[in-house]
Amino acid sequence: MNEKHLAYYPGCTLASTAREIDEALHRVCERLDIRLETLPDWNCCGSSSVHAVRPQLAVSLAGRNLIQAQSMAKDMMVMCAGCLNRLRSAHVRLLEDPVTRRVNATLLGDRLQQEIGIHHLLDILPQRMAEPAYRGVVCKSLEGLRYTAYYGCLLAAPPELKRYPRLHGTIESIMQRLGAIHCCWGYEAKCCGSFLSVARPDIVSPMVTDILQSARQAGAECIVTACAMCQLNLELRSTEKDRLPVFSIVELAAYGMGESDWPTWFRKHLVDPMPLFEKRVLRHRAAHHGP
Amino acid sequence: MNNLHTITFGKEPPFRHPSIADGKTFRKIVNHLSRQKVEMCWHCQCCGGGCPFSDHMDLLPNQVIRWVQMENSETVLRCKTIWICVGCHTCSDQCPNAIDIAAIMDALRQLAIRSGIAPAENDIYRFHQYIFESIHRHGRLNKLEALAQFKVRTGNLFSDLQAGIRMLLTGKLELLPQHVAKRQEVSRIFDHYHHRRGSFEAYE
């Protein structure tokens, strides 16, 4: 068994509104011998609003986190899709643009010396689960659960980040190990409305309803997402009467690996996933494996 | 002042940075700030076709680029499109010439604020401002604080109240903000860019 040590950047969302994902993530990593060490004094990555109005400031804010990871001499792991984008693009600029490099060297007190690997959990998880040592890590199945995978827009990278591998297909490969049934649809990478969910709910509600309806048409009973903001928007802005539950991929992976805290995570969802989970997963399990 | 800008909208005549007012260099400024080449756009309209928000925009993304190509700062900086854009990168992903259109929108938003032009979408602008200030204060975003300010400001206090209470009860929204330990480091970064607000040339 080879342990993997990574510097973990939680980000503002996972430290507050998506605390359950943070918890599940730590459990999953423990099971796979990935040791996470949180950055000592992380700050906001400059996502959405800061980079929307002051792009250069966002680079410096992200840079401060990168410098911390550099002094820990570890690769980074990020779960939030927004943070991933900001940290990666700041990383590219700080290494490749001489002016940004110079300005930030005085501002941050240090330079980025070499490339730091910035990984999303989905970068690591599927390969790790495929290693022979971790074949038996999945002990509970989600057999019978029909889902669609929703990556959201932020995992589709802008041109300067095309050098990083695409993550599309990774949710499916994890869910396949868990035994769930995938329903194909065309909205995998559609934007959930992002922060306009707060500023202009009138724009976002129809978009979210459209996404949820098309998931239903594809035959899915739930949506599995990798992004905490997508999860929140899909739950909050749905205008349907019978709302589709939305899961995070880490919660389900943690369940599959035998963690028992999942009811406390599910309780935090704005759309209660328990009726569906009971109907599809727990009952199915009871019928086949005994109580 | 920890503000996005110090000019009150609508009360004073809009301040114009000489290089914008001059008009001729607008395209170059946008190119410089966004690190893109707007000249590369051949108006295939892939960006507008794919944009999930295009129904609510007054100019399609490629039309914005067209106006930048034609050096028309007035139309571009006053349009709704630059504020409606959330930077989801759907357009950037689809562009056959690999123009990062979202980065151009970032640059235009920055220019609109800097030249004191009243934003066409005031609510969205205020939202950015409260998030920005919260990050400035704490180094991390305190969602409760920023959202409460926004709701008070827009007078829309009771929308989402139910969801908000549920989130508070389940511990999703926190009452107390989290702070960065070395807050002076974060303030230094903010101050650096604040003071240079008015000058492009010195920017980088």
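Buried means under 20% relative accessible area, exposed means over 50%, and partly exposed lies in between (1.4 Å probe, protein chains only). The model is predicted, so local features need pLDDT of at least 70 and side-chain atom pairs count only at pLDDT 80 or more, while totals for chains, interfaces and linings use all residues. Residues are numbered from 1 along each chain as its sequence is written, chains are lettered from A and ligands numbered from 1 in the order in which they are written, and side-chain values use heavy atoms, with hydrogens and water left out.

**Exercise 1. State which residues of helix α11 of chain A are buried.**

Step 1. Helices (H or I, at least four residues) and strands (E, at least two) are DSSP runs, numbered from the N terminus. Helix α11 of chain A spans residues 228-236.

Step 2. The buried residues are Ala228(A), Cys230(A), Gln231(A), Leu232(A), Asn233(A), Leu234(A) and Glu235(A).

Step 3. Because 7 of its 9 residues are buried, the helix is largely enclosed by the rest of the structure.

**Exercise 2. Find which elements of chain A have the lowest and the highest mean pLDDT.**

Step 1. pLDDT is the predictor's confidence in each residue, from 0 to 100. Chain A averages 91, and 99% of the residues score at least 70.

Step 2. Helix α14 (residues 274-289) has the lowest mean, 83, and strand β7 (residues 222-225) the highest, 96.

**Exercise 3. Describe the surroundings of Tyr147(A) and Leu84(A).**

Step 1. Tyr147(A) sits in strand β5 (residues 146-150) of chain A and is buried, at a relative accessible area of 1%.

Step 2. Contact means heavy atoms within 4.5 Å. Not counting residues up to four places away in sequence, Tyr147(A) touches ten-membered company that includes Ile171(A), Met175(A), His182(A), Cys222(A) and Val224(A).

Step 3. Leu84(A) belongs to helix α5 of chain A and is buried, with a relative accessible area of 3%. Beyond its neighbours within four places in sequence, Leu84(A) contacts Val78(A), Ile118(A), His119(A), His120(A) and Leu155(A).

Step 4. Leu84(A) and His119(A) are 35 residues apart along the chain, with their C-alpha atoms separated by 7.8 Å.

**Exercise 4. Identify the residues that touch the most other members of the largest nonpolar core.**

Step 1. A nonpolar core is a set of buried Ala, Val, Leu, Ile, Met, Phe, Trp, Tyr and Cys residues joined through side-chain atoms within 4.5 Å.

Step 2. Of the 158 residues in the largest one, Met76(A), Leu142(A), Ile171(A), Met175(A), Leu196(A), Phe53(B) and Leu108(B) touch the most other members. Helix α4 (residues 55-72) of chain A gives the most to this core, with 9 residues.

Step 3. Among the residues that Leu108(B) touches, leaving out those up to four places away in sequence, are Phe26(B), Val64(B) and Ile82(B).

**Exercise 5. Summarise chain B.**

Step 1. Chain B has 12 helices and 0 strands.

Step 2. Buried residues make up 52% of its 204 residues.

Step 3. Of the contacts in chain B with a separation of 6 or more, 69% join residues 24 or more positions apart.
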